[in-house]
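Here's a walk through the empty spaces in this model, with a few side trips to individual residues. Keep the viewer open as you read.

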Amino acid sequence: MTQDELKALVGQAATAYVVPGSVVGVGTGSTVNCFIDALATMKDRIAGAISSSEKSSERLRAHGITVLDGNSIERIPVYIDGADEIDHQGHMIKGGGAALTREKIVADMAERFICIADESKLVATLGAFPLPIEVIAMAAAQIERRLRAMGGQPTLRPGVLTDNGCPIIDVRGLRITDPVGLEREINQWPGVVSVGIFARNKASVCLLGTAGGVKTLAFPA
Ligand code: 5RP
């Protein structure tokens with residue numbers, strides 16, 4: 001199966017986790033696009049969506065799915081999103097599509113995070129994929145210095161501003177053996193909007209697209 005076919009498979013499988021009558025949290029990326037297309041077939045059975053990016057909102061609206069304002073929602077049963085890497089505990093690197101901050105906001109509203117990914121995303125240790133960090137522009141050089149001091153190689157993602165109008169730093173060369181600790185540490189640096197380690201808001205379940213079909217990995221809280 002091609003990678004696109006695996007994405008379509010898990011996008012479809014994720015609809016089984018949608019709670020009828022509820023608001024669905026929707027992530028961002030090519031795998032989530034497959035989920036949005038599958039969600040459209042059951043749009044009359046949901047109360048709407050809360051979206052993590054302008055791109056996903058556009059796609060949802062194009063299917064006639066109502067996109068609700070984040071401030072109008074307190075809790076949602078599920079958030080469905082992709083990942084750039086996921087480890088065997090459900091910790092993830094996200095933000096390859098520059099939507100990490102809103103992704104974390106919506107994930108934080110959800111009872112369960114359902115990660116959808118093809119099998120290439122499953123890793124033993126996070127960090128081969130460059131870690132995205134959304135920052136306030138005037139703090140970028142200061143944050144890059146701190147990242148170099150911890151052994152990373154940071155670069156500003158060229159020509160990209162997030163939906164929040166902020167730049168992204170991508171950090172290569174980090175072997176993330178303590179995702180919870182590193183997320184906490186980077187989060188408290190002045191000027192960091194969010195770091196693309198999802199350890200506090202880790203996956204509850206990962207639907208992994210494999211050559212043999214969808215494999216379900218469940219991660220205890
Ligand atoms: C966007 C993300 C995406 O979930 C991540 O980049 C995976 O995307 P794709 O499904 O296209 O591989 O974090 O910010």
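## The largest pocket

The largest pocket holds about 420 Å³ of space. It is lined by 26 residues, and those closest to its centre are Thr28, Gly29, Gly96, Gly97 and Ala98. Keep in mind that this is a predicted model.

Which helix gives the most to that lining? It's α2, with four residues. Helix α2 covers 30-39, and along with α3 (54-62) it belongs to the elements that each supply at least two lining residues. If you care about chemistry, the lining splits into five nonpolar, twelve polar and nine charged residues. Both domains have a hand in it: domain 1 (3-124 + 200-218) and domain 2 (131-196) each put in at least three residues.

## The second largest pocket

Next up is the second largest pocket, with about 200 Å³ of space. Its lining is made of 14 residues, and if you want to centre your view there, Glu111, Arg200, Asn201, Lys202 and Ser204 are the closest to the middle.

Two elements give two or more residues to this lining, namely α4 (100-109) and β6 (110-118). The largest share comes from β6, which brings four residues. By class, you'll find six nonpolar, two polar and six charged residues around the second largest pocket.

## Two domains and a cavity

How is the chain divided? There's domain 1, made of 3-124 plus 200-218, and domain 2, made of 131-196. Measure between their C-alpha centres and you should get 23 Å. Where the domains meet, 16 residues of domain 1 are in contact with 18 residues of domain 2.

How many cavities of 30 Å³ or more does a search of the whole structure find? Just one, and the volume of this largest cavity is about 30 Å³. Its lining consists of Ser52, Ala98, Ala99, Leu100, Thr101, Arg102, Thr162, Asp163 and Asn164. Sorted by class, that's three nonpolar, four polar and two charged residues. As for the domains, each of the two contributes at least three residues to the cavity lining. Ala98 is worth a second look, since it lines this cavity and is also among the residues closest to the centre of the largest pocket.

## Aspartate 170 and arginine 148

Now for some single residues. Aspartate 170 sits in strand β9, which runs over residues 168-172. Is its side of the story buried or exposed? Aspartate 170 has a relative accessible area of 9%, so it counts as buried, the cut-off being under 20%. Its side chain has a polar partner, too: the side chain of arginine 157, at 2.8 Å. Leaving out residues up to four places away in sequence, aspartate 170 touches Pro130, Leu131, Pro132, Gln153, Pro154, Thr155 and Arg157. Arginine 157 therefore turns up both as a touching residue and as the polar partner of aspartate 170.

Arginine 148 belongs to helix α5 (residues 140-149). With a relative accessible area of 46%, arginine 148 is partly exposed. Compare its position with aspartate 4: the two are 144 residues apart in sequence, and their C-alpha atoms are 36 Å apart in space.

## Helix α6

Helix α6 takes in residues 179-187, and its buried residues are Pro179, Gly181, Leu182, Glu183 and Ile186. What do the buried residues of α6 pack against? Their partners are the helices α4 and α5, plus β7 (131-135), β10 (192-195) and β11 (197-198).

## Threonine 210

Last stop: threonine 210, in strand β12 (residues 205-210). Its relative accessibility is 12%, so threonine 210 counts as buried. A polar atom of its side chain lies 2.7 Å from the backbone oxygen of glycine 213.

Beyond residues up to four places away in sequence, threonine 210 touches Met1, Leu6, Glu119 and Lys215. Load those four alongside glycine 213 if you want to see the surroundings of threonine 210 in one view.

Notes
Residues numbered from 1 in each chain as written. Predicted model: local features only at pLDDT ≥ 70, side-chain atom pairs only at ≥ 80, totals over all residues. Heavy atoms only, no water. 1 Å grid on protein atoms, 1.4 Å probe; cavity = no way out; pocket = protein on both sides within 12 Å on 5 of 7 lines; lining within 4 Å. Points joined across faces, edges and corners; volume = space filled by probe spheres on them. Nonpolar A, V, L, I, M, F, W, Y, C, P; charged D, E, K, R; others polar. Domains from an automatic or database assignment. Buried < 20%, exposed > 50% of the residue type's maximum accessible area, 1.4 Å probe, protein only. Polar contact = N/O pair within 3.5 Å; in protein donor to acceptor, adjacent residues only side chain to side chain. Contact = heavy atoms within 4.5 Å.
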